[in-house]
Structure formats: C-alpha cells, structure tokens
Amino acid sequence: MLPGTGDRRTAGLLGDPRSLALYLGAWLPIGLLLAGAFAWVQTGGWGESLAVVLPLVLVYAFQCLSAWWVARSVPLPETSLGRAFGTALVASGVASLAWLALGYVWTMLLATHPAFSLAHTRFRAAIAFFFVVGALLYALAILTQALFVSYERSRSAERRALELQVLARDAELRSLKAQLDPHFLFNSLNSVSALVGSDPGAARRMCLLLAGFFRKSLGLGAREAISLSEELYLAETYLAIEEVRFGRRLQVAIEVAEDTLTLAVPPLVLQPLVENAVHHGIAQLIDGGTVRVGASRFGNRLALTVQNPWDAETPGPAGTGLGLANVRARVAALFGGEGAVEVERTAETFLVRVLLPLRPATGAT
C-alpha cells in the first residue's frame with residue numbers, strides 16, 4: 001500500500017461535506033436500529049432512546065475511522081491470523097470502553113433535563129448491551145478497512161509489477177537498438193574494405209553514402225516510431241550503398257502501397273532484413289538477384305516484406321542471425337501478440353514478413 005493513502009482518504013472524507021454526509025448517513029440506520037433495541041430492552045420511550053443513542057452513534061462513526069490504523073498495523077496475509085484476530089479483539093474492546101465512557105458522561109448530562117431524568121439509569125442498566133454492540137461495530141469497521149488495505153496493497157503490487165515490466169521492456173529495447181548500429185557498421189566496413197583494393201573510387205562513393213545514411217539513421221533511431229516513408233528511405237539508401245559494391249548483381253524492387261506510407265513503424269525495422277537479404281542471399285549467388293521490399297495492408301495490420309533469392313546449398317541457414325533475431329525480439333517487445341515476424345522458405349527464395357498494428361505516424365502527412 002502506498003504510504004499515506006489511508007491518511008489522505010480519511011482527510012478527504014472529513015474535508016468533503018458531501019462524502020462526510022454520505023458516511024454519516026450510512027450510520028443513521030444503525031443508530032435507529034440501536035435506538036429501537038434500547039427502547040425495547042429498557043422499555044423507555046422513543047424520544048429518550050433517540051436522544052441517548054443517535055448522538056453516541058454519530059460520535060462512534062468518527063471513532064471508527066481509527067480502525068484504518070488498526071487494520072494497517074496487522075495487514076493480511078503478512079500477519080498471522082491469530083495475531084490479527086487478537087489485535088482486532090483488543091482494539092474493539094478498548095474502542096467500545098471509550099465509547100461507553102462517553103455514553104456515561106452524555107447520559108449524566110442528559111438526565112439533568114426533566115424529560116430524560118431516567119436516561120442515565122437506563123443506560124447503566126444496558127451497559128453490557130452497549131459494550132457488545134460497540135465492540136461488534138468496531139470489529140466490523142476493522143474488517144471493512146482491512147479489505148480496503150488489502151485491495152490497495154494489491155493495486156499497488158500490480159502497479160509496481162507493471163512499472164517493472166515497462167522498465168524491463170525499455171531496457172530490452174535499448175539493448176536491441178544498441179545492437180543495430182555496430183552490426184550494420186561491421187558489415188558496411190567489410191564492404192568498404194572489399195572495394196578499397198579493387199575499386200578505390202567505389203569505396204569512396206560508399207563512404208559518402210554511409211555518412212549520409214548514418215546521419216539520417218541516428219536522428220530517426222532516437223524516436224520510438226517513424227513513418228514508413230522514412231523507413232523506406234533508409235532501406236533504399238542502404239541498398240544503394242550495396243549496389244556500389246555488387247553492381248549489376250544486385251537489383252532492387254520496391255512495391256509499396258500508397259496508403260501505407262504514413263503508417264508508423266519502429267525505426268530501422270527494415271534495414272536488418274535488407275541487410276540479411278544482401279549478405280545471406282545476393283552475396284552467395286554468382287549471378288546475384290533481386291531484393292524485393294514490399295508494404296501493404298493485411299487485414300487490420302501492416303505487412304512489410306523483404307524477399308531475396310538464396311542458395312539452399314550455401315553453408316548455414318540463409319537469412320538468419322542477429323538481424324532477424326533483433327527484429328523478432330523488438331516486434332515482440334513493442335507489440336506483443338499484435339505483431340509477428342514470419343519466415344517463408346522455398347527452394348529458391350527466402351521471405352521475411354513483419355506484421356505490425358495499423359497506427360498513423362505522429363506528424364505524418
């Protein structure tokens with residue numbers, strides 16, 4: 001339970017006339033029943049019984065607010081049932097005795113009025129009855145407050161659990177994002193290294209393209225979501241970089257539905273997939289092939305696809321590794337069951353399909 005919750009609730013009750021009126025109104029039927037029982041037990045008149053009982057019940061209503069501190073001192077299930085019961089029993093007895101002392105003084109004062117001259121005598125005769133009733137009412141107040149305490153502790157535990165889940169998810173996403181740049185940079189530098197000796201001019205052009213790519217990707221990567229059009233720009237820039245290396249061996253086909261360009265996607269969700277398509281697909285084929293990037297609405301989700309030719313005889317499973325695992329983990333962390341990453345293999349092609357919920361990108365036009 002959050003510290004001070006009960007104090008704020010009690011202060012709010014006393015400071016809000018409407019809430020206070022409702023609370024005292026709930027005690028009114030108890031007062032009427034108790035007055036009727038007192039009149040029946042002592043064969044006194046209704047006027048005298050109401051004059052004795054109703055003020056005492058209203059005062060006891062405020063006294064029972066202290067039951068919150070009793071319930072909080074022995075919270076279940078942390079406290080044993082025996083200790084909780086004993087504490088409630090002692091507190092109820094003490095509260096009832098204090099109430100009886102107040103009733104004793106009140107009926108003495110009331111007896112000074114000629115119309116209620118027997119009020120004190122009748123109260124003393126029914127003092128055991130009032131003690132039992134007072135103890136039961138206070139015990140009921142403790143039970144009610146204990147339920148509130150348990151409920152609030154449960155809500156607080158749920159809130160903490162959700163906060164921990166959010167923190168864990170954010171930490172996971174930060175870790176996954178941190179893997180992207182080194183992974184991409186490592187492969188890109190390998191590409192530059194391969195061209196330095198054979199084609200220095202192409203290596204220089206690739207360095208310039210890489211500089212532009214990183215300048216753009218660093219700004220977008222800091223955001224939680226970007227528009228598909230921005231993500232496609234990064235994917236196309238990356239493929240342009242690789243075209244410098246592979247030349248005519250690498251062909252690119254972009255097939256994107258116009259109504260998907262303003263939808264939101266996680267930044268750098270396509271780049272690891274097109275990177276895998278090039279390095280695990282095109283690079284392994286003598287004649288190269290075409291990397292196809294697509295986007296369309298698929299029911300109530302956005303479907304992003306990256307398809308490439310591959311050689312089933314190539315050692316190691318094509319298209320697998322850090323890039324695909326990273327995308328799968330990010331989609332699961334961000335969207336849970338709303339997102340999915342599917343892989344389809346045929347004898348000649350390897351396809352990855354990313355399914356995301358349809359959400360407009362912030363500020364998209």
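Start by selecting β5 and β7: these two strands pair in the antiparallel sense, over nine bridges. Keep in mind as you click around that this is a predicted model. Colour β5 at 301-309 and β7 at 349-357. Now pick out R301 and look straight across to β7, where P357 stands opposite.

**Widen the view to the sheet**

Add the partners of those two strands. You should have five strands in an open sheet, ordered β2-β4-β5-β7-β6, with mixed pairing. The edges are β2 (250-256) and β6 (340-345), each of which pairs on one side only. Turn the sheet and look along it: neighbouring strands are turned by 15° against each other on average, ignoring direction. If you show side chains here, remember that in a regular strand they alternate between the two faces of the sheet.

**Step from β5 to β4**

Next, select β4, residues 289-298. Its pairing with β5 is antiparallel and takes seven bridges. For a landmark, show S296, which has A303 of β5 opposite. Then follow the chain round the hairpin of β4 and β5, where two residues sit between the strands. Stop at G299 in that hairpin, which takes a positive phi near 65°.

**On to the edge at β2**

On its way to β2 the pairing changes sense: β2 and β4 run parallel, joined by seven bridges. Select I254 and you'll find V293 of β4 opposite.

**Helices across the sheet**

Bring in α9, residues 228-246. This helix lies across β2, β4 and β5, and runs at about 165° to β2. Now switch to α10, residues 271-279. It lies across β2, β4, β5 and β7, at about 15° to β5.

While α10 is on screen, back up into the loop between β3 (264-265) and α10, and pick L268. Its phi is positive, about 60°, although L268 is not a glycine. Is L268 buried or exposed? With 7% relative accessibility, L268 counts as buried.

**A stop at α11**

Select α11, residues 322-335, and find A325 in it. A325 is partly exposed, with a relative accessible area of 42%. Draw a distance from the C-alpha of A325 to that of V341: the two are 9.6 Å apart in space and 16 residues apart in sequence.

**Over to α3**

Jump to α3, residues 46-63. From first C-alpha to last, this 18-residue helix reaches 25 Å, close to the 26 Å expected at 1.5 Å a residue. Which residues of α3 are buried? Select E48, S49, A51, V52, V53, L56, V57, Y60 and A61. As you look down the helix, bear in mind that an α-helix has 3.6 residues a turn, so residues three or four places apart point the same way.

**Follow the rings**

Leave Y60 displayed, since this residue also belongs to a cluster linked by ring pairs: W27, F38, Y60, W99, F123, F129 and F130. Select that whole set and look at how the rings sit. How many aromatic pairs turn up in a search of the whole structure? Eight.

Two of those pairs are worth a close look. Show W68 and W69, which form an edge-to-face pair with 5.2 Å centre to centre and 90° between the planes. Then check the surroundings of each ring's residue. W68 counts as buried, at 1% relative accessibility, whereas W69 is partly exposed, with a relative accessible area of 41%.

Now go to F129 and F130. This pair is edge-to-face too, at 5.5 Å centre to centre with 75° between the planes. F129 is partly exposed, with a relative accessible area of 27%, while F130 counts as buried at 1% relative accessibility.

**Zoom out**

To finish, show the whole protein as a cartoon. You'll find eleven helices and seven strands. Buried residues make up 42% of the 365 residues. Switch on a surface: the accessible area comes to about 19,000 Å², and 64% of that belongs to carbon and sulfur atoms. Among the contacts with a separation of 6 or more, 74% are between residues 24 or more positions apart.

Technical notes. Residues numbered from 1 in each chain as written. Predicted model: local features only at pLDDT ≥ 70, side-chain atom pairs only at ≥ 80, totals over all residues. Heavy atoms only, no water. Helix = DSSP H or I, 4+ residues; strand = E, 2+ residues; numbered from the N terminus. Buried < 20%, exposed > 50% of the residue type's maximum accessible area, 1.4 Å probe, protein only. Contact = heavy atoms within 4.5 Å. Areas by Shrake-Rupley, 256 points an atom, 1.4 Å probe, with all protein chains shown as cover. Pairing = 2+ DSSP bridges. Axes fitted to C-alpha atoms, helices over the stretch in contact; angles between N-to-C directions. Phe/Tyr/Trp six-rings, centres within 6.5 Å; stacked < 30°, edge-to-face > 60°. Expected span 1.5 Å × (residues − 1).
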